[in-house]
Amino acid sequence: MSRGVLADIGVVATYEVQQALRKRLLIVLLLGYATATGAAHWGFVQGLKELEGQVAVAMGVSRTERPGALIAEVLKSKDLRHFLGDLVGDSARLDALLDVPVLALWSGAVAMVLLPVFLMASTSTTVSVELETRSIRFLALRTERLPIVLGKLAGQLVMGALAGLAGVVVTELVGLTLMVQVPPVALATGSLEHMARAMLFALPYAGLGLCVSQWLARANVARVVALVVLVAITIANPVLSAYADASPVGRLADLTRLLLPGTGWGDVWQDDPLALALTAARMVVVTVAWVALGYWRFDRRDL
């Protein structure tokens with residue numbers, strides 16, 4: 001891309017974030033994301049507290065008001081290891097990831113659930129609302145259509161990253177106030193790392209949401225369609241995975257699954273840099289494919 005196109009993308013991205021701030025939409029989304037993260041963390045901490053209480057009774061020591069002191073013993077629990085192993089893909093991968101506080105791992109899993117919903121909801125109306133109000137014409141006078149789409153995607157990803165950072169702050173506060181013996185630096189760095197992995201996982205959702213927004217010129221319709229599509233792909237992923245095998249139908253199911261957002265949950269937890277890089281490349285390709293499908297319609301649309 002030329003320097004002028006990149007500058008236009010930056011202008012549109014800045015405009016996108018400024019519009020969200022002016023309408024207070026970004027503040028509402030960040031507060032909602034932080035609240036949802038806090039609720040998920042509170043439930044997780046309560047579960048840890050109960051497990052530590054059981055371990056304390058078995059060891060003949062006093063129960064503590066806040067969990068964390070016996071976390072090493074709690075992590076020997078088969079139930080907890082099975083639960084955490086399912087979150088990251090398998091138990092072997094869990095052992096490689098436990099060099100960070102367990103709350104940081106949990107925060108990554110929470111972000112991998114919330115960020116796709118956040119980005120799908122926000123990107124699904126980013127173009128359609130301007131098509132509906134015809135305000136897109138002002139942007140079209142400033143630059144070409146492709147920088148508009150890419151700039152809006154960049155702006156939405158910036159807002160998604162801000163939401164993820166809000167989640168990291170909530171994770172740090174929960175770790176320091178509701179738990180004990182949690183190293184603050186390790187918790188912060190671990191949460192940041194897994195938030196970045198969650199952003200990678202959420203990229204195709206942003207692409208799909210932007211695709212919907214480019215096809216539909218009514219914001220409310222786009223929002224409803226995005227919700228229906230989100231539910232549909234959540235159901236379709238495990239179904240297609242179950243049918244994936246060496247048969248022609250199974251290969252088609254596997255290929256279809258790879259093109260859908262939500263595939264690769266376990267892959268983004270990998271600690272092998274090369275494998276993680278290949279996963280990132282696939283996520284980017286899928287994102288670009290969905291954006292391109294939407295742009296095929298947007299580029300032919302009468303503004």
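## Helix H12 and its cover

In this predicted model, helix H11 (219–243) is part of what covers the buried residues of helix H12. Which residues of H12 are buried? They are Gly 250, Ala 253 and Arg 257. These residues lie on the same side of H12, because they cover an arc of only 60° around the axis. Turn to the other side of H12 and you will find Pro 248, Arg 251 and Leu 252, which are exposed.

You can also check the length of this helix for yourself. H12 runs over residues 248–259, which makes 12 residues, and at 1.5 Å a residue these should span 16 Å. The end C-alpha atoms of H12 are 17 Å apart, so the model agrees with the expected span.

## The whole protein

Now step back and look at the full chain. The protein has 13 helices and 0 strands, so if you follow the sequence, every element in the pattern is an α. Of its 303 residues, 46% count as buried.

How much area does the protein expose? The value is about 14,900 Å², and carbon and sulfur atoms supply 67% of it. Contacts also link distant parts of the sequence: taking those between residues at least 6 apart, 74% join residues at least 24 apart.

## The nonpolar core

The largest nonpolar core holds 67 residues. Which of them touch the most other members? They are Leu 103, Leu 115, Ile 136, Val 268 and Phe 298.

Leu 115 makes a good example to look up in the structure. Leaving aside residues up to four places away in sequence, Leu 115 touches Tyr 33, Gly 160, Ala 163, Gly 164, Met 195, Ala 198, Met 199 and Ala 202.

## Two residues of helix H9

Helix H9 covers residues 145–178, and Glu 172 has its place there. Is Glu 172 buried or exposed? With a relative accessible area of 17%, Glu 172 falls under the 20% cut-off and therefore counts as buried. Beyond residues up to four places away in sequence, Glu 172 touches Pro 184, Leu 187 and Ala 188.

Gln 156 is found in H9 too. Its relative accessible area is 4%, so Gln 156 is also buried. Again not counting residues up to four places away in sequence, Gln 156 touches Glu 16, Leu 119, Ser 122, Thr 123 and Thr 126. Finally, try finding Gln 156 and Ala 206 together: they are 50 residues apart along the chain, and their C-alpha atoms are separated by 7.9 Å.

Methods. Residues are numbered from 1 along each chain as its sequence is written. This is a predicted model: local features need pLDDT of at least 70, side-chain atom pairs count only at pLDDT 80 or more; totals for chains, interfaces and linings use all residues. Side-chain values use heavy atoms; hydrogens and water are left out. Helices (H or I, at least four residues) and strands (E, at least two) are DSSP runs, numbered from the N terminus. The expected span of a helix is 1.5 Å times one less than its number of residues. Buried means under 20% relative accessible area, exposed over 50%, partly exposed in between (1.4 Å probe, protein chains only). The arc is that of the directions from the helix axis to the C-beta atoms. Contact means heavy atoms within 4.5 Å. A nonpolar core is a set of buried Ala, Val, Leu, Ile, Met, Phe, Trp, Tyr and Cys residues joined through side-chain atoms within 4.5 Å. Accessible areas come from the Shrake-Rupley method with a 1.4 Å probe; for residues, only the protein chains shown count as cover.
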